[in-house]
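Please read this report beside the sequence and the coordinates. It is concerned with side-chain contacts and with backbone angles.

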Amino acid sequence: MSEPVVMTCMTTKQKFDVVDPPVVVLANGRYAYRVKCPWEGKNGKELYAFKFCSAAAYQTYTASQSEPPSESELRGTSD
């Protein structure tokens, strides 16, 4: 299990911890954690927190997301 990442909400500037946050590639090519904040903004708006991370964190995240296919998928049948 990995260490929790301290995230800061972009709007409220409140901090919260997240374990294994998802990693995204930003428009400028940099990698960042992107997580929905545990509270809502005005009028129920969803708030997000971003934090820059390394390319190694991105590779680890993508490797953990790609699961090996099941035996039924390999055989081409459904159970």
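The paragraphs below take up aromatic pairs, charged groups over rings, a salt bridge, and two loop residues.

The model is predicted, and the contacts described here should be read with that in mind. The count of aromatic pairs comes to 2. In one of them, the ring centres of Phe16 and Trp39 are 5.5 Å apart and the planes stand at 80°, which is over 60 degrees, so the pair is classed as edge-to-face. This pair links distant parts of the chain, since Phe16 belongs to strand β2 (residues 15-18) and Trp39 to strand β4 (residues 31-40), with their positions 23 residues apart in the numbering. Phe16 has a relative accessibility of 11% and therefore counts as buried, whereas Trp39, with a relative accessible area of 23%, is partly exposed.

The aromatic pair of Tyr31 and Tyr58 is stacked, with 4.7 Å from centre to centre and 20° between the planes. Here too distant parts of the chain are linked, as Tyr31 lies in strand β4 and Tyr58 in helix α1 (residues 55-65), 27 residues apart. Tyr31 is partly exposed at a relative accessible area of 24%, and Tyr58 is partly exposed at 26%.

Two arginines are placed over aromatic rings, and the table gives the distance for each.

| Charged residue | Ring | Distance to ring centre |
|---|---|---|
| Arg30 | Phe52 | 3.7 Å |
| Arg34 | Tyr48 | 3.9 Å |

In the case of Arg34, what sits over the ring of Tyr48 is the charged end of the side chain; Arg30, for its part, lies over the face of Phe52.

Side chains of opposite charge can pair when their charged atoms come close. A search of the whole structure finds 1 salt bridge, formed by Lys36 and Glu46, whose closest N and O atoms are 3.4 Å apart. Because Lys36 lies in strand β4 and Glu46 in strand β5, this salt bridge ties together parts that are 10 residues apart in sequence. Lys36 counts as partly exposed at 44% relative accessibility, and Glu46 likewise counts as partly exposed, at 43%.

Strand β2, which holds Phe16, can also be described by its two faces: Phe16 and Val18 make up the covered face, while Lys15 and Asp17 make up the uncovered one. Strands β1 and β2 run antiparallel and are joined by 4 bridges, and within this arrangement Met7 stands opposite Phe16. The hairpin formed by β1 and β2 has 6 residues between the strands.

Which backbone angle sets Lys13 and Asn43 apart for comment? Most residues other than glycine have a negative phi. Lys13, however, takes a positive phi near 65°, and this residue lies in the loop between β1 (5-8) and β2. Its relative accessible area is 56%, so Lys13 is exposed. Asn43, which is not a glycine, has a positive phi of about 60°, and Asn43 is found in the loop between β4 and β5 (46-53). At 84% relative accessibility, Asn43 counts as exposed.

Methods
Residues are numbered from 1 along each chain as its sequence is written. This is a predicted model: local features need pLDDT of at least 70, side-chain atom pairs count only at pLDDT 80 or more; totals for chains, interfaces and linings use all residues. Side-chain values use heavy atoms; hydrogens and water are left out. Rings of Phe, Tyr and Trp (its six-membered ring) pair if their centres lie within 6.5 Å; planes under 30 degrees apart count as stacked, over 60 as edge-to-face and the rest as tilted. Buried means under 20% relative accessible area, exposed over 50%, partly exposed in between (1.4 Å probe, protein chains only). A charge sits over a ring if NZ of Lys or CZ of Arg is within 6 Å of the ring centre and within 35 degrees of the ring normal. A salt bridge is a side-chain nitrogen of Lys or Arg within 4 Å of a carboxyl oxygen of Asp or Glu. Two strands pair if DSSP finds at least two bridges between them.
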